Amino acid sequence: MTETAKIVVGGKEYTYPVIRGTENDKGIDMGSFRKDSSYISLDPGYGNTGACESAITYIDGEKGILRYRGYPIEQLAEQSTFVEVAYLLIHGELPAADELKSFSQDLSQHSMIHEDMKNFFLGFPNTGHPMAILSAMVNVLSAYYPELLKPDPSHDDINIIARELLAKVRTMAAFSYKKTIGEPFVYPKTNLPYVPNFLNMMFTTPTQDYQIDDIEVKALRTFLILHADHEQNCSASTVRLVGSSHANLFASVSAGISALWGPLHGGANQKVVEMLEQIHSNGGHYQKHIDLAKDKKSGVRLMGFGHRVYKNFDPRAKIIKNLAHQLLKKKGVKDPLLDIAINLEEIVLKDDYFIERKLYPNVDFYSGLILRAIGIPTDMFPVMFAIGRLPGWIAHWIEQVKDPNSKIGRPRQIYVGSKKREFVPIEKRS
Ligand code: ACO
């Protein structure tokens with residue numbers, strides 16, 4: 001028997017089918033509710049609204065579970081590479097050895113951007129935030145590679161545009177950084193794998209070549225894997241919403257980068273380090289900061305704590321905390337901010353305010369310390385998140401493009417503005 005849900009409103013009863021996912025997620029398919037009843041469901045922030053069925057990522061926020069295409073994040077972080085995870089997210093299955101080799105080679109060979117695009121980078125002021133530059137430049141790809149933007153792309157066309165974006169994003173990210181510090185751009189090297197290639201573009205200077213450091217490469221690779229997807233978060237939903245109008249992948253991802261930039265989302269890793277620095281410069285007065293975060297009127301939040309979905313622990317935070325310890329130890333770095341973070345976490349986890357609201361450290365709490373230890377400047381942190389999240393955005397965009405039932409995204413509202421009133425010409429207004 002088909003499982004159903006009944007909604008009684010305005011003296012009438014409406015019946016809708018219950019949909020269950022492979023992990024027993026349950027939803028009520030009530031897309032026709034307004035048509036049937038003239039009521040809408042009101043859900044600000046979409047905390048209870050499913051906008052699609054998706055086969056990419058599974059999260060159980062109560063149990064702290066995160067899986068990409070069925071594979072646990074812990075196994076991927078430990079045993080996989082970022083390029084392999086990107087392939088998995090985009091294509092749906094793990095690659096065979098020859099598929100991975102050719103995907104990797106393709107990413108290296110297509111990492112160069114059109115030479116004329118350099119002029120855009122040169123035009124930005126040095127004070128420009130690298131996220132602003134990255135978002136703009138990803139959109140600009142649409143102007144430089146129009147041959148990739150077919151109105152009705154085939155399977156192969158989609159794979160090509162996805163590969164181009166994945167290959168070029170790290171070059172554009174590194175160029176954004178070089179622009180803001182006023183150093184010459186370093187071109188990608190086709191013989192280097194994904195992560196070392198990026199680090200080489202970031203840290204090779206006119207006087208010194210970047211020396212590949214395996215510990216840094218491992219740490220950054222794991223960071224990117226942990227950020228690669230997180231189902232219908234703010235930026236992925238933005239990519240899907242923009243893409244639902246059939247906007248191309250570059251335009252859709254550019255919008256996703258803007259959504260990610262906000263301090264409540266991908267901008268949080270930068271804000272965490274700034275918060276830790278502030279506590280450090282205030283002589284380590286944790287309690288003062290915690291009290292401020294608990295006082296609603298202050299407008300302050302404890303950055304790196306809380307999550308819309310995880311209400312027990314964020315599995316990525318566990319992995320990244322260990323990684324931060326290992327990296328700093330192996331590099332012999334003594335970062336006072338790590339001690340502050342550890343102490344802050346300890347105090348907060350015993351505080352009733354945070355316990356009652358189920359606010360635990362999220363992935364951003366320790367990730368900034370890893371990026372700092374690698375030498376990546378604070379305002380590049382959200383850019384690093386964007387590089388990591390790109391395979392997820394691409395996978396969501398493709399999933400939607402290929403879904404024959406997908407529709408343009410168009411939420412409803414409850415209008416609370418003025419009732420109808422007559423226009424008053426300017427000369428008659430008092
Ligand atoms: N510090 C202090 N109080 C908090 C915090 C925080 N970091 N997070 C939530 N709260 C409080 C809220 O004030 C609210 O209290 P109330 O019930 O008394 O009104 C309660 O906890 C619930 O908070 P909401 O804002 O409703 O939770 P929501 O799910 O909408 O927000 C979010 C989640 C945005 C992540 C929030 O916890 C937050 O702002 N955290 C800090 C920013 C951050 O770290 N963002 C990164 C998220 S992870 C990522 O994007 C990769």
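These notebook entries record what I looked up in a predicted model of one chain and its ligand.

**Entry 1: domains**

I began with the division of the chain. Domain 1 covers 4–65, domain 2 covers 72–265 + 382–402, and domain 3 covers 268–374. I noted that domain 2 is written as two segments. I then looked up the separation of domain 1 and domain 2, and found their C-alpha centres 33 Å apart. The contact between these two domains draws 7 residues from domain 1 and 9 residues from domain 2.

**Entry 2: the interface of domain 1 and domain 2**

How much area is buried between domain 1 and domain 2? I recorded about 670 Å², with carbon and sulfur atoms giving 60% of that area. Next I asked which three residues supply most on the side of domain 1. They are Ile56, Thr57 and Ile59, which together supply 68% of the area that domain 1 buries against domain 2, more than any other three residues.

I also looked for polar links. Across this interface I found 0 salt bridges, but 3 residue pairs are in polar contact. On the side of domain 1 that touches domain 2, I listed 4 nonpolar residues, 2 polar residues and 1 charged residue.

**Entry 3: the shell around the ligand**

I turned to the ligand and found 20 residues surrounding it. The closest are Lys296, Arg301, Leu302, Gly304 and Arg308. By class, the shell holds 10 nonpolar, 5 polar and 5 charged residues.

Where does the ligand lie with respect to the domains? Domain 2 and domain 3 both give residues to the shell, so the ligand lies between them.

**Entry 4: atoms close to the ligand**

I looked up three individual distances. A polar side-chain atom of Arg301, already listed among the closest residues, lies 2.8 Å from an oxygen atom of the ligand. For Asn362, a polar side-chain atom lies 2.9 Å from an oxygen atom of the ligand. Leu264 takes part through its backbone: one of its N or O atoms lies 3.1 Å from a nitrogen atom of the ligand.

Last, I asked how much of the ligand the protein covers. On its own the ligand has 930 Å² of accessible area, and the protein covers 76% of this.

Notes
Residues are numbered from 1 along each chain as its sequence is written. This is a predicted model: local features need pLDDT of at least 70, side-chain atom pairs count only at pLDDT 80 or more; totals for chains, interfaces and linings use all residues. Side-chain values use heavy atoms; hydrogens and water are left out. Domain bounds come from an automatic or database domain assignment. Contact means heavy atoms within 4.5 Å. Buried area is the accessible area (1.4 Å probe) that two parts lose on being put together, summed over both. A salt bridge is a side-chain nitrogen of Lys or Arg within 4 Å of a carboxyl oxygen of Asp or Glu. A polar contact is a pair of N or O atoms within 3.5 Å; within protein, one must be able to donate a hydrogen and the other to accept it, and residues adjacent in sequence count only if both atoms are side-chain atoms. Ala, Val, Leu, Ile, Met, Phe, Trp, Tyr, Cys and Pro count as nonpolar, Asp, Glu, Lys and Arg as charged, and the others, Gly among them, as polar. A residue is near a molecule or strand if one of its heavy atoms lies within 4 Å of it. Accessible areas come from the Shrake-Rupley method with a 1.4 Å probe; for residues, only the protein chains shown count as cover.
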